[in-house]
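Thanks for making the time today. I would like to take you through one sheet, strand by strand, and then stop at two residues within it.

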Amino acid sequence: MKYFIFIFSLFIATSAVQAQEIAFSKIDKSPLDVVIHRDNNNQAIARVIYSRPAKRDRKIFGELVKYGEVWRTGANEATEIDFFYDVTINGNLVKAGAYSIYTIPEEEESNLYS
């Protein structure tokens, strides 16, 4: 019985040491965020899910994101917007549903992250 307890204890100790060696991925440098737009009755109209890009002393538009090319707006993946009802944006009807947002930055208009 003493040998069993010794071997069992050794097994548990070895497992604990191996578990401590597991390397977890670093925290996401562009964290995910969610914004919900509500009406006056507190009903959700739209939800935007996006990853906040971190500039970190880089020139974004013109270098990291090329002018005139399609850019998946957002850091880790394309920004998603969900409309829970049909909405009108700039006079255009947008049906309820989920959409991904892509952008084509132009040099004259893209000085937000320059």
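I will begin with the order of the strands and then turn to the surroundings of the two residues.

What you have on the screen is a predicted model, and the part I want to discuss is an open sheet of five strands, which runs in the order E1-E2-E4-E7-E3 with antiparallel pairing. Strand E1, residues 32–38, and strand E3, residues 71–72, stand at the edges, and because each has a single partner strand, one side of each is left without a neighbour in the sheet.

Let me stay with the E3 edge for a moment. E3 pairs with strand E7, residues 97–103, in the antiparallel sense, and this pairing rests on two bridges. If you look for Arg72, you will find that its bridge partner in E7 is Tyr102.

Now to the two residues, and to begin with Ser51, which belongs to strand E2, residues 44–51. Is Ser51 buried or exposed? With a relative accessible area of 5%, Ser51 is buried, since the cut-off for that label is under 20%. Once its neighbours within four places in sequence are left aside, Ser51 is in contact with Ser30, Pro31, Leu32, Gly74, Ala75 and Asn76.

The other residue is Thr79, found in strand E4, residues 79–83, and Thr79 also counts as buried, at 8% relative accessibility. Which residues does Thr79 touch, leaving aside its neighbours within four places in sequence? Thr79 is in contact with Val48, Ile49 and Tyr50, with Thr73 and Gly74, and with Tyr99, Ser100 and Ile101.

Methods: Residues numbered from 1 in each chain as written. Predicted model: local features only at pLDDT ≥ 70, side-chain atom pairs only at ≥ 80, totals over all residues. Heavy atoms only, no water. Pairing = 2+ DSSP bridges. Helix = DSSP H or I, 4+ residues; strand = E, 2+ residues; numbered from the N terminus. Buried < 20%, exposed > 50% of the residue type's maximum accessible area, 1.4 Å probe, protein only. Contact = heavy atoms within 4.5 Å.
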